[in-house]
Amino acid sequence: MAGIWPGGIKTVVLLSFDFDGTSIMRYRDPDAENRPTALSIGEFGPRVGVHRILDLLERYEIPASFFVPGWIAERNEDTVRRMVSDGHEIGHHGYMHEPPATLDPDQEQAVLDKGIDILEGITGQRPLGYRSPSWDLTEHSLGFLAQRGFVYDSSLMGHDAPYFVDSPNGRLVELPVSWALDDYPYYVFNRGMGSMNTPADVFEGWRLEFDGAYQYGSAFILTMHPQVTGRLAKLMVLERLIQYIRSHSNVEFMRHIDVAQRWTETGMA
Ligand SMILES: [Zn+2]
């Protein structure tokens, strides 16, 4: 099958990491500070997981995209700077991991502007990509993003390859996500809540997802979290997956922003 990419590229692989830390817990539970065990699940990301992931990406020379809530960026400036100096992209992911669907339009815009200011202040670059916390946009979100010069969103599930989405303020590229291509629903478990798949099962599922993307010449867009995939056996799933993908010809690892800009320039539909 011909596929969707120009030139000799058969499949594009986009690795992304949502650097949530404890923000997701703090937003959902104002009393989170009084539950140190639950909070420590998130603390693992900035303390341990993210560094292991950055080392792994460095070893394999793979550029990736990190979506960082402003509150987390403020508390992990050195880590964010390392992401940039290693060649990774920093995308917007709210301030305290607020799903837009929980905000009114004024609050949603205030969170967008606050996150932009914080990320730009640390990296020197305005974020051009956005991933909604909890993948839950409002009817206004795409318009707010286009108004602020974002090039792409990565929160919708309407395709398994990049596609265009229109808003009253202009067109964006959508880099679609999928629950099947997210580490969170497979692994996250806390006191009877959630599920706990074996890393081997997750590897097998993602391997098949890649096989499909490769056979159809599409895109493989994977969402991970440092506090989840930074755990050792799960990190090995990612490393084995990288090795498996690398055993195929004409595959390119790209950052979200690079795919979105190429999509815009070539006007691919
Ligand atoms: Zn998140």
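This passage describes the zinc site, the salt bridges and the aromatic contacts of a predicted model. Local features were accepted at pLDDT of at least 70 and side-chain atom pairs at pLDDT 80 or more, whereas totals for chains, interfaces and linings use all residues. Residues are numbered from 1 along each chain as its sequence is written, and side-chain values use heavy atoms, with hydrogens and water left out.

The zinc ion is bound by protein donors from Asp20 (OD, listed twice), His93 (NE2) and His97 (NE2), at 2.1 to 2.5 Å. Donors are N, O and S atoms within 2.8 Å of the metal (3.2 Å for Na, K and Ca); water is not among the atoms, so sites may look incomplete. The 4 donor atoms subtend angles of 54 to 137° at the zinc ion, and the arrangement is therefore irregular. Under the criteria applied, four donors are tetrahedral if all angles lie between 85 and 135 degrees; four are square planar and six octahedral if opposite donors are over 155 degrees apart and all others between 65 and 115; anything else is irregular. The donor residues follow the spacing D-x72-H-x3-H in sequence. Asp20 is located in the loop between strand 1 (11-18) and helix 1 (23-28), and His93 in the loop between strand 3 (89-92) and helix 5 (105-123), so the pair ties together parts 73 residues apart in sequence. Helices (H or I, at least four residues) and strands (E, at least two) are DSSP runs, numbered from the N terminus. Asp20 and His93 are both buried, where buried denotes under 20% relative accessible area, exposed over 50%, and partly exposed in between (1.4 Å probe, protein chains only).

The whole structure contains 15 salt bridges, each defined as a side-chain nitrogen of Lys or Arg within 4 Å of a carboxyl oxygen of Asp or Glu. One of them joins Arg81 to Glu77, with an N to O distance of 2.7 Å. These two residues lie 4 residues apart in helix 4 (residues 77-85), about one turn of the helix. Arg81 is partly exposed at 37% relative accessibility, as is Glu77 at 31%. In helix 8 (residues 199-215), Asp211 and Arg207 are likewise 4 residues apart, about one helical turn, and form a salt bridge with the closest N and O atoms 3.2 Å apart. A further salt bridge, of 2.8 Å, connects Asp258 and Arg255. Salt bridges with shared partners also unite Asp55, Glu58, Arg82 and Asp86 in one network.

The search also yielded 9 aromatic pairs. Rings of Phe, Tyr and Trp (its six-membered ring) pair if their centres lie within 6.5 Å; planes under 30 degrees apart are stacked, over 60 edge-to-face and the rest tilted. Trp135 and Trp179 form a tilted pair, at 4.6 Å centre to centre and 45° between the planes, linking parts of the chain 44 residues apart. Trp135 is buried, at 10%, whereas Trp179 is partly exposed, at 49%. Phe210 and Phe220 form an edge-to-face pair, at 5.8 Å and 85°, which connects helix 8 with strand 10 (residues 219-224). Phe210 is buried at 0% relative accessible area, and Phe220 at 1%. Ring pairs link Phe210, Tyr214, Phe220 and Tyr244 into a cluster.

Lys10 lies over the face of Tyr214, 5.2 Å from the ring centre. A charge sits over a ring if NZ of Lys or CZ of Arg is within 6 Å of the ring centre and within 35 degrees of the ring normal.
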